[in-house]
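Biologist: I would like a close look at one part of this structure. Please take me through a sheet and what packs against it, then move outward from there.

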Amino acid sequence: MNIAVVGTGYVGLVTGSCFSEFGNHVVCVDNDAGKIEKLLRNEMPIYEPGLDALVERNVKAGRLAFTTDLRGAVENALVVFIAVGTPQGNDGRADLSFVREVAREVAENLNAYKVVVTKSTVPAGTGTTVRAIIEKHRKAPHAFSVASNPEFLREGSAIEDFLRPNRVVIGCEDETAAAIMKDLYRPLYLIETPVVITNVVTAEVIKYAANAFLATKISFINEIADLCEKVGADVHDVARGMGLDQRIGRKFLHPGPGYGGSCFPKDTRAILELGRDHDVPLKIVAAVIEVNSGRIATSLDKIVKALGGSPKGKTVALLGLTFKPNTDDLRESPAMAILDGMVEAGAKVRAYDPIAMPIASQSPREGVRYCGDEYEAASGADALVVATEWNQFRALDADRLRSVMKAPVIVDLRNVYEPETMRAKGFAYSCVGRS
Ligand code: NAD
């Protein structure tokens, strides 16, 4: 099958590469010429484990190509995926301008029947908007179908998530489109992936509801972590004791500095606004957002306390800048908010991240020094803060760390270390939800 994927970011690039791995012919389109040039040189514009090999293999096999020419890509495709960004607008709603723009361009280049699929996360009703735009701007009355196929991949394990998803959600408005979409995902039937076939608006709601629910689990366990600290309980045992109940599940019950990244913050806000627009106050989502926005202050308080009450003139080593490990994505990263908060409070920050240093150092900040490794970051520091749980931070040489630091103080916002062990190694150690 010939496919065009418009938007070659974290989702579009992985989607396009994986569909080509299924044996389809895929053209990935982006209007960022620099990104396409990089891809044509076989350089990945993002960090995602395994992506370079997947792209190289499929480009060599002649199944995957990159272009800025939307027209050519759309004309040759039976299925056109829209995978552009839907960032948070000033009013909290999803900004659909990129989606609208692409829908219009697809319409102008419609030369035969096509299925136009939103892969981007979009609010309920966007399918109807896409249909209206295409009807208005198509040059000839070619038939088309609109579908919704939300994406659930996680940065850092995106390829595995795409190739072995928990489920595939397909929202269609007619049988033809449903048959084509099912055919596209046929390779996943072999591994018995459940496929939810529904209508377009329901598929759109599924994506926001899923993200809002996952965000709820995170905010919930963060509040429980605060309670655990006060009463002397261990939040990890609480999470395990809760999560082993299959009705609850163990995932997303890990306390920390709050959720971040390019999805949960904007998607929770967008569904909240969607509810307001339809006179349905989503009180749980509102509370989830409120709890999450308080996590940075809670984390900063912990650091200030560890520094003896005043961060002014102190040096903090910050390990991890991305919102989660195994990605280079700094969007809405709690670590970056903590970095800014410490600088604002008058501390100097020595930061290190295994992957995101080149991106972070593109925007130099006063009071921040970007370092070459963990020990350089820790050198002369009054406290070391673990803000992202990169695996390599788990195996640091504690003696070496203590010897380079000004004071042996660790604030572990991701609970990567065992409190007993770190204390035995001579650190004043604080963490989240474990006394
Ligand atoms: P991104 O910012 O990484 O990529 C978007 C790409 O679209 C960019 O390369 C941009 O240049 C391109 N683009 C914008 N306008 C264009 C146009 N008119 N023509 C061609 N290209 C255009 O975004 P992303 O993280 O891949 O997210 C895309 C969508 O997928 C969003 O709606 C997001 O909410 C959703 N999503 C993201 C994730 C994730 O983990 N990143 C997971 C699931 C769903």
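Modeller: What follows starts with one sheet and its strands, then turns to helices and to a second sheet.

Keep in mind that this is a predicted model.

Start with the sheet. It is open and has six strands. Their order is β11-β10-β9-β12-β13-β14, and the pairing is parallel. Which strands form the edges? They are β11, residues 368-370, and β14, residues 428-430. Each of these edge strands pairs on one side only. From one strand to the next, the twist averages 20°. In general, strands of a sheet pair through backbone hydrogen bonds, and the pairing can be parallel or antiparallel.

Now look at β9. All five of its five residues are buried, so β9 is largely enclosed by the rest of the structure. Where do the side chains go? Thr315, Ala317 and Leu319 point one way from β9. Val316 and Leu318 point the other way. Buried residues are thus found on both sides of β9. This fits a general pattern: in a regular strand, side chains alternate between the two faces of the sheet.

Next comes the partner strand β10. Five bridges join β9 to β10, and the two strands run parallel. Within this pair, Ala317 stands opposite Arg350 of β10. Strand β10 covers residues 348-352, and four of its five residues are buried, so β10 too is largely enclosed by the rest of the structure.

Go to the end of the sheet that holds β14. Strand β13, residues 409-412, is joined to β14 by three bridges. These two strands run parallel. One bridge pairs Val409 with Ala428 in β14. A helix, α13, packs on the sheet here. It touches β9, β12, β13 and β14. The direction of α13 makes about 170° with that of β13.

Follow α13 away from the sheet. This helix spans residues 283-306, and it packs with α14, residues 334-344. The angle is about 55°, and the axes are 10 Å apart. Why are α13 and α14 called oblique? Their angle is neither under 35 degrees nor in the 65 to 115 range, and α13 and α14 are therefore oblique to each other. The crossing of the two is right-handed. Which residues make the contact? From α13 they are Ile296, Ser299, Leu300 and Ile303. From α14 they are Pro334, Ala337, Ile338, Gly341 and Met342. Sorted by type, the contact has seven nonpolar residues, two polar and no charged.

Set a second helix pair beside this one. Helix α10, residues 200-231, packs with helix α12, residues 264-277. Here the angle is about 115°, and the axes are 9 Å apart. The crossing of α10 and α12 is left-handed. On the α10 side, the contact residues include Lys207, Tyr208, Leu214 and Ile218. On the α12 side, they include Phe264, Asp267 and Ile271. This contact divides into nine nonpolar residues, two polar and two charged.

Stay with α12 for one residue. Glu273 is found in this helix. Is Glu273 buried or exposed? Its relative accessible area is 6%, so Glu273 is buried. Leaving aside residues up to four places away in sequence, Glu273 touches Asp91, Gly92 and Arg93.

Now the other sheet. It is open and has eight strands. Their order is β3-β2-β1-β4-β5-β6-β7-β8, and the pairing is mixed. The edges are β3, residues 64-67, and β8, residues 195-198. Each has a single partner strand, so one side of each lacks a neighbour in the sheet. On average, neighbouring strands of this sheet are turned by 20° against each other, direction ignored.

Inside that sheet, five bridges join β1, residues 2-6, to β2, residues 25-29. These strands run parallel. Asn2 stands opposite His25 in β2.

End with one residue, Ile36. Its place is helix α2, residues 33-40. Ile36 has 4% relative accessibility, so it counts as buried. Thr8 is 28 residues from Ile36 in sequence, yet their C-alpha atoms are 8.3 Å apart in space. Ile36 touches Thr8, and its other contacts beyond four places in sequence include Cys28, Val29, Asp30 and Phe66.

Note on methods. Residues are numbered from 1 along each chain as its sequence is written. This is a predicted model: local features need pLDDT of at least 70, side-chain atom pairs count only at pLDDT 80 or more; totals for chains, interfaces and linings use all residues. Side-chain values use heavy atoms; hydrogens and water are left out. Axes are lines fitted to C-alpha atoms, for helices over the stretch in contact, and angles run from 0 to 180 degrees between N-to-C directions. Angles under 35 degrees count as roughly parallel, over 145 as roughly antiparallel, 65 to 115 as roughly perpendicular and the rest as oblique. A crossing is left-handed if the near helix is turned anticlockwise from the far one by less than a right angle, and right-handed if clockwise. Contact means heavy atoms within 4.5 Å. Ala, Val, Leu, Ile, Met, Phe, Trp, Tyr, Cys and Pro count as nonpolar, Asp, Glu, Lys and Arg as charged, and the others, Gly among them, as polar. Two strands pair if DSSP finds at least two bridges between them. Buried means under 20% relative accessible area, exposed over 50%, partly exposed in between (1.4 Å probe, protein chains only).
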